Amino acid sequence: MTLSQPTQPQTNLIIEDDRTGLKVETLRRAIADNLFYLQGKFPEIASKHDYYMALAYTVRDRLLQRWLATLQTYLKQNVRVVCYLSAEFLVGPHLGNNLINLGIYDQVRQAVEESGLDLKELIEQEEEPGLGNGGLGRLAACYMASLSTLEIPAIGYGIRYEFGIFDQEIRDGWQVEITDKWLQYGNPWEIAHPESAVNVKFGGHTEGYTDDQGNYRVRWVPEYVVKGIPYDTPILGYKVNTANTMRLWSSEACESFDFSKFNLGDYYGAVNDKVGSENLTKVLYPNDEPIQGKELRLEQQYFFVSCSLQDMIRIHMEDGDSIETFAEKFTAQLNDTHPSIGVAELMRLLVDEHHLDWDKAWDITKKTFAYTNHTLLPEALEKWPLDIFGRILPRHLEIIYEINQKFLDRVRIKYPGDEGKLSRLSLIDDSGEKYVRMANLACVGSYAINGVAALHSELVKSTILKDFYELWPEKFSNVTNGVTPRRWMALSNPRLTQLITEKIGDNWIKHLEELKKLEAFVDDAGFRQKWREIKQAIKQDLAEYTSKRVGITVNPESIFDILVKRIHEYKRQHLDVLHIITLYNRIKQNPNLDITPRTFFFGGKAAPGYFMAKLIIKLITSVGDVVNNDPDVRDRLKVVFLPDYNVTFGQRVYPAADLSEQISTAGKEASGTGNMKFSMNGALTIGTLDGANVEIREVVGAENFFLFGLKTEEVYELKAQGYNPRDYYNSNPELKAVIDLISSGFFSHGDSGLFQPLVDNLLYDDPYLLLADYQSYIDCQEKVSQAYRDRDNWTKMSILNVARMGKFSSDRSIQDYCDDIWQAKPVPIEIEDYVQANAGLRKG
């Protein structure tokens with residue numbers, strides 16, 4: 001492949017800088033230059049990946065112009081900065097998203113095509129950064145995008161995992177984990193800043209001493225020290241000049257090579273420190289791995305939090321500000337409990353390193369942090385065995401004991417004689433083996449605590465953080481999650497985006513509430529027809545992808561019934577499977593049954609050590625093998641498990657869905673964001689009153705939402721009465737037939753033991769109440785089938801779902817944080833026009 005010769009420039013054209021210009025001819029020159037000077041390739045030997053890299057650097061240049069202008073403006077204006085601390089940032093591929101945000105997608109496509117290349121092919125060359133497990137990391141990425149779009153000064157701090165969340169393959173129906181080597185060909189979007197490295201201590205012991213002023217101080221003498229190297233990625237807002245920074249930390253040894261050991265012949269020992277230190281940020285931990293004993297995870301969390309807080313203090317002090325005004329300059333949002341060690345670390349930095357007295361340091365700390373809770377599962381609230389915690393972070397354990405003592409003294413005064421409350425509020429769980437409770441530390445050390453959906457926030461106050469709410473009701477609020485419409489509509493669904501824009505203009509991409517204007521067209525038959533045609537074309541694309549990816553032929557005219565999310569028992573993927581087997585049994589009993597054709601799509605990863613989740617994947621694929629190959633079914637049902645669920649996967653699947661499965665047990669899902677992405681793209685939801693489903697149903701209308709299942713209070717009540725799943729099994733012949741068919745080995749080549757752990761769990765425990773919700777779910781799915789037969793009315797419901805989703809933009813979420821928690825204001829960024837005479841370097 002060769003790059004075509006650029007068209008000859010015309011006279012009287014404005015001269016553009018090849019690094020910042022946005023005209024087609026300028027972009028073509030820039031791509032050619034970057035291929036030659038950065039990739040070191042000429043067209044005859046360049047690969048598709050080389051062309052991708054050349055294009056990526058071309059786009060990055062235009063980001064850097066805005067990023068550096070942003071940094072300069074923040075420096076001059078001494079602004080208040082939001083620091084978003086998150087162990088995960090699942091940003092997704094950058095190229096397409098940056099083209100949308102720069103507003104140059106069409107120009108770049110033209111430039112690429114005139115150069116003899118295909119933009120879609122180049123976008124597909126990008127390796128997705130696997131820096132998160134799922135919802136938590138993706139939310140952080142959406143929030144960083146919205147912070148920039150709203151022009152809010154912000155830094156996202158996290159970990160630059162060398163190997164991200166594993167790539168998933170399915171072999172013989174089982175999940176197999178493959179190393180995610182996302183960095184193997186380099187990352188053109190990041191810039192390393194080793195000159196801004198910081199040192200992080202681990203282990204060792206503490207020593208008391210008296211300083212020159214006669215004050216008692218503590219010195220931490222570490223066992224070893226690790227260096228944190230920051231890698232910066234500009235995160236551009238949509239059609240603004242603001243590009244905030246995502247700063248991810250990578251670990252290195254302070255000394256990479258020990259010559260004294262090398263000279264003694266100890267060749268392994270000479271590089272041992274380097275190997276050990278770099279292991280710290282080597283790999284991302286899957287969410288559902290048991291946390292006890294995971295020393296590396298605690299080390300990772302402390303490492304990135306310490307790096308980030310040291311960096312924030314450095315920035316603050318370099319501006320000439322006093323450490324005592326730190327909380328005026330920065331607010332730090334703790335994205336779940338993973339960064340909550342920051343409360344103790346900031347105290348250590350202020351007291352031990354900057355020599356503030358305890359009360360002043362505590363006042364600054366409490367005014368710095370805000371905490372977002374993301375879970376209602378008590379087992380997901382992190383707690384660390386005291387011996388592990390003290391061995392890794394001896395000084396922090398002392399600080400936590402001091403915080404706890406002062407805190408509990410105040411609790412005793414407020415609740416005299418209430419030892420139960422003292423025990424529950426304590427930062428130390430000493431009911432058996434002693435643990436440090438990280439959620440309690442976050443609550444005590446933060447000025448604000450929020451949940452992520454209206455129902456979730458109420459349940460946080462009445463269940464897992466009830467005692468803290470009673471103590472400090474003023475700290476608690478709700479900020480319902482949101483997602484960015486730039487990635488999840490404009491980029492992933494360009495055809496629907498174009499149709500919407502033709503009708504209401506493109507302002508909705510930044511102001512999603514303007515989608516409400518679509519309601520005016522819901523009775524327009526021509527508009528509904530176009531809407532249907534677009535959905536059908538997208539479904540056809542997914543059908544072709546499915547055939548290519550997994551070799552299964554599906555019917556694009558069938559209902560595309562999609563459940564994609566992390567595999568977990570509470571998310572109840574296996575309830576969906578019970579429905580599939582129910583339909584299959586009905587067909588076997590009556591092969592001529594009039595049934596609305598359906599294709600069931602599944603996707604999601606199970607944590608490598610989560611046996612039951614992996615068994616659920618095996619059940620899905622095994623049922624698919626039978627159903628897809630039974631001639632009696634006659635293609636009326638198809639079951640597909642698409643492997644390797646990630647952001648790119650989501651961009652392909654969300655727009656193609658007719659039905660979105662949001663079927664977690666009521667009271668278990670904090671919010672969910674997949675539910676929002678599906679609805680924004682015109683899918684109808686079947687779901688429980690759980691998480692953000694409640695608010696989605698409120699805004700789209702009960703008549704445009706398929707509701708089933710027990711409510712949260714009914715779940716609690718049933719469990720309190722003594723739930724016996726066998727009662728449902730014995731009293732429901734259709735349910736019994738489904739369970740018995742699984743148990744018989746029908747879906748496992750006669751191996752009746754394969755799925756027995758799953759069956760036994762349902763019959764003798766069923767902690768997530770699948771059997772209790774089964775009949776309600778089956779009945780509701782029948783309503784779905786009937787509704788889909790009236791395709792015109794289904795289309796009306798689809799349009800109304802999209803039109804009423806304005807609330808669920810991450811822009812609205814961030815505005816809520818700014819107004820109600822952070823007190824952060826927008827700072828517009830201006831960039832200067834290119835003037836050739838001023839282009840030379842001038843120090844100064």
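**Exercise 1: two helices that meet.** Find which residues of helix 22 and helix 29 meet each other, and work out how the two helices are oriented.

*Solution.* Start with the residues. On the helix 22 side you'll find L578, I581, T582, N585 and R586, and they meet E734, L735, A737, V738, I739, L741 and I742 of helix 29. Keep in mind that you're looking at a predicted model.

Next, sort the residues of this contact by type: 8 are nonpolar, 2 polar and 2 charged.

Now for the axes. Helix 22 covers residues 573–589 and helix 29 covers residues 733–743; their axes come within 9 Å and cross at roughly 100°. Angles of 65 to 115 degrees count as roughly perpendicular, so helix 22 is roughly perpendicular to helix 29.

**Exercise 2: another pair.** Do the same for helix 1 and helix 4: at what angle do their axes cross, and is the crossing left-handed or right-handed?

*Solution.* Take helix 1 (residues 24–37) and helix 4 (residues 105–114). Their axes come within 9 Å, and the crossing angle is roughly 60°. That makes the two helices oblique to each other, because 60° falls outside the parallel, antiparallel and perpendicular ranges. As for handedness, the crossing of helix 1 and helix 4 is right-handed.

Who makes the contact? Helix 1 brings V24, L27, R28 and I31, while helix 4 brings Q107, V108, Q110, A111, V112 and E114. Sorted by type, the residues of this contact give 6 nonpolar, 2 polar and 2 charged.

**Exercise 3: into the core.** How many residues does the largest nonpolar core have, and which helix gives the most to it?

*Solution.* The largest nonpolar core has 115 residues. Look for the ones with the most contacts inside it: F303, Y371, F389, I403, F407, F468 and W822. Helix 9 (residues 295–318) gives the most to this core, with 9 residues.

Zoom in on F303. If you skip its neighbours within four places in sequence, its contacts include V200, F202, V226, W249 and L280. K227, G228, S250, S251 and T281 are in contact with F303 too.

Another core, of 69 residues, lies apart from the largest one; A613, V633, L637 and I742 are among its residues.

**Exercise 4: two aspartates with a positive phi.** Where do D336 and D644 sit, and are they buried or exposed?

*Solution.* Take D336 to begin with. You'll find it in the loop between strand 11 (330–335) and helix 11 (342–353). Its phi is positive, about 75°, although D336 is not a glycine. The cut-off for buried is under 20% relative accessible area, so D336, with 9%, is buried.

Now D644, in the loop between strand 20 (637–641) and helix 24 (647–653). This residue has a positive phi of about 65° and isn't a glycine either. With a relative accessible area of 16%, D644 is buried.

**Exercise 5: one histidine, one phenylalanine.** What do H456 and F521 touch?

*Solution.* H456 lies in helix 17 (residues 454–462) and counts as buried at 1% relative accessibility. Leaving out neighbours within four places in sequence, H456 is in contact with N373, H374, T375, L376, G451 and A670.

F521 sits in the loop between helix 20 (494–504) and helix 21 (525–550). Not counting residues up to four places away in sequence, F521 touches K503, I504 and F527. Finally, check K796: it is 275 residues from F521 along the chain, and their C-alpha atoms are separated by 9.4 Å.

Terms used. Residues numbered from 1 in each chain as written. Predicted model: local features only at pLDDT ≥ 70, side-chain atom pairs only at ≥ 80, totals over all residues. Heavy atoms only, no water. Core = buried A, V, L, I, M, F, W, Y, C linked by side-chain atoms within 4.5 Å. Buried < 20%, exposed > 50% of the residue type's maximum accessible area, 1.4 Å probe, protein only. Helix = DSSP H or I, 4+ residues; strand = E, 2+ residues; numbered from the N terminus. Contact = heavy atoms within 4.5 Å. Axes fitted to C-alpha atoms, helices over the stretch in contact; angles between N-to-C directions. Parallel < 35°, antiparallel > 145°, perpendicular 65-115°, else oblique. Left-handed = near helix turned anticlockwise from the far one by under 90°. Nonpolar A, V, L, I, M, F, W, Y, C, P; charged D, E, K, R; others polar.
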